[in-house]
Amino acid sequence: MTESTSEGEADAPFAAEEMALPSGIPPLPEEGFTVTDRWAWAQIVLSGSADFNARFSDDAEVCLTGARARPAPHDQPFEDAEGHMPASAEEIERIWSRRTLSPRFLNQILCCEPWRSAIPSAGIDITGARLEGGVERPISHGVILDACLLPEGLVLYGASFQSGLLLRDCTIKGMLNLCGVTCAQTVRISGCWTGPLDLSETRIEGSLWVTDCVIDGPADVMDLKVAGSFTLAGTAVHGSIEADRLDVGGTLFLRSMPYVPNFDLVNATIGGSLDLSASRFDGIVDLTNAQVGRDLRLSTREHQPPVWTGNAKLILRNAHSLALQADTEALLREGVRRTKTPKRQDFVPSDLSGFTFRTFGGRHADGADTLADAPSQVIRNWIESRKGANDRYTPAPYRAFAEALGAAGHADKASELLIAKNEHRLRARNTGLFTRFVIWFSGVISGYGQRNHRALFWYVALGFFGMAAGLWAQGWRPEVGAALPETWDAWLRASLDNAAPVVEFSPDSAGAMDRLLDGNAPDWLRSIWFAIAMLGFVVLSYLLAGISGVFDRGEK
């Protein structure tokens, strides 16, 4: 014996006892609701779950596969293992017709009294149904939609969930609109295929999971705020991801995503780590002004590094993280040959202007996972990998890497990067000619403050040059086997004192030139010694500046 209404009479056979309600439970209104709605309501009241796949177990797999049948513009068809659909479109539609819930169903039971109060405290769980419509009011119960078909999309705009929300293995052929939703617990979207996704201005007190999904369109997560972690692991997005001003209290997992075009994380705030490992990026990943409280993670012991296609770019302009966890391989473009010191063009083009961090490594790093163990030239090539890297002088990335290398005990590599910083300034188009000369001269004299022994060498060389000029004026000429005159040491002491005009090493050096030449010092010698004194002053100034820390030295 079956009970039916005018709608769905042939396609939704349910026994009367399956729709029987316990005493005191209100039935659905007579108008606007079908037998299928009444069966689902009875099951929810009795057990919290309306499982159409269990009720119609013979066609559950056909139903799910057919729901996902569509043209496959991204080479991700949903055919079965033999490469064909398991049933005709007409058969699939007939199967779904007896699983269809009316557009008013969710709103009626979740938002309207007395039905809302009759729902079990655990919430509702609907499996294998075709649903139309959505909810736009406060919801006090948890909602689980499992393996459901939503042909018009799902609109939960502005809904408020006091418990969690779970969408699992659903097919959402329109937009999944969660804009402005508030949820006191966790939101999980797992194994779903959906059209565009809107999570803008959503507030989630728990965590957000969007895992192993296909999003066939753009994803808008601007101004999304998640108190816990946000996971996009295993999800392919066939459209841009706009995540301006994203606020995540925990970790943002962008791990193992098979396809990501453009990802905009401008002004994002992430309290934990940002994990990009094992994902495939085919566009611009923009982290301008992003703040990462812990690790910026590009590689881990457990996961492969990200794949950067020929279209990919990484922008870390003015971004900050506590730690940078990456090895060389995590920064290379797809298909390049792995070498010990990759060239600039081998790296994903990266804008590191203003990027700062404090240390290498992180929670999942060991010695092999960090750039600290790579040659400094590797870091330099990555910094200079973007097109137009020498258009403007941008010292911040060199300083940040140098400070982190110094803190990690790699003072030599830190100094090499600070030398690279000044060489970059020499090449920068916005560096003036006078500044360019001053920088070049400091490089020659003291290696930009990183090779202070050079200044000492130049000082001693000036002293010997002054000695040689004095001996020449005295009449000595260098000949093979000829010994230096006995006055050479007096000339050397006097010349070294002359090359250090601010310091007097010996009281006898004053007037030594006139004494040694009986007051007949030629003008050319006086000119040479004056020039040596001026150069000596400059050289010793650079030496003292380097020693005292006026120049960056890489380790503080």
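Let me start with residues 1-12, where pLDDT stays under 50 and for which this predicted model has 21 contacts beyond four places in sequence. A second stretch of this kind covers residues 70-82, where pLDDT again stays under 50 and the model has 19 contacts beyond four places in sequence. Those two stretches should be set beside the chain as a whole, which averages a pLDDT of 85, with 87% of the residues scoring at least 70.

Turning to the overall make-up, the chain has 556 residues, and buried residues make up 52% of them. Its secondary structure comes to 14 helices and 37 strands. If we take the contacts between residues at least 6 apart in sequence, 46% of them join residues at least 24 apart.

Now to the sheets, and I will take two of them in turn. How many strands does the open sheet that runs from S8 to S36 have? There are nine, paired in parallel, and the order is S8-S12-S16-S20-S24-S27-S31-S34-S36. At its edges lie strand S8, residues 154-155, and strand S36, residues 350-351, each of which pairs on one side only. If you follow the sheet to S36, you will find that strand S34, residues 313-315, is joined to S36 by two bridges, and that these strands run parallel. Within that pairing, Leu 314 has Ser 350 in S36 as its bridge partner.

The other sheet is also open, and here five strands are arranged in the order S7-S11-S15-S19-S23, again with parallel pairing. Its edge strands are S7, at residues 149-150, and S23, at residues 236-237, and each pairs on one side only. Strand S19, residues 214-215, is connected to S23 through two bridges, with the strands running parallel, and the bridge partner of Val 214 in S23 is Ala 236.

Finally, let us look at a pair of helices further along the chain. Helix H10, residues 433-446, packs against helix H11, residues 453-473, at an angle of about 80°, and their axes are 6 Å apart. Since angles of 65 to 115 degrees count as roughly perpendicular, that angle makes H10 roughly perpendicular to H11. Which residues meet where H10 and H11 come into contact? On the H10 side they are Gly 443, Val 444, Ile 445 and Ser 446, and on the H11 side they are Arg 454, Ala 455 and Trp 458. Sorted by character, the residues of this contact divide into four nonpolar, two polar and one charged.

Methods:
Residues numbered from 1 in each chain as written. Predicted model: local features only at pLDDT ≥ 70, side-chain atom pairs only at ≥ 80, totals over all residues. Heavy atoms only, no water. Pairing = 2+ DSSP bridges. Helix = DSSP H or I, 4+ residues; strand = E, 2+ residues; numbered from the N terminus. pLDDT = per-residue confidence, 0-100. Contact = heavy atoms within 4.5 Å. Axes fitted to C-alpha atoms, helices over the stretch in contact; angles between N-to-C directions. Parallel < 35°, antiparallel > 145°, perpendicular 65-115°, else oblique. Nonpolar A, V, L, I, M, F, W, Y, C, P; charged D, E, K, R; others polar. Buried < 20%, exposed > 50% of the residue type's maximum accessible area, 1.4 Å probe, protein only.
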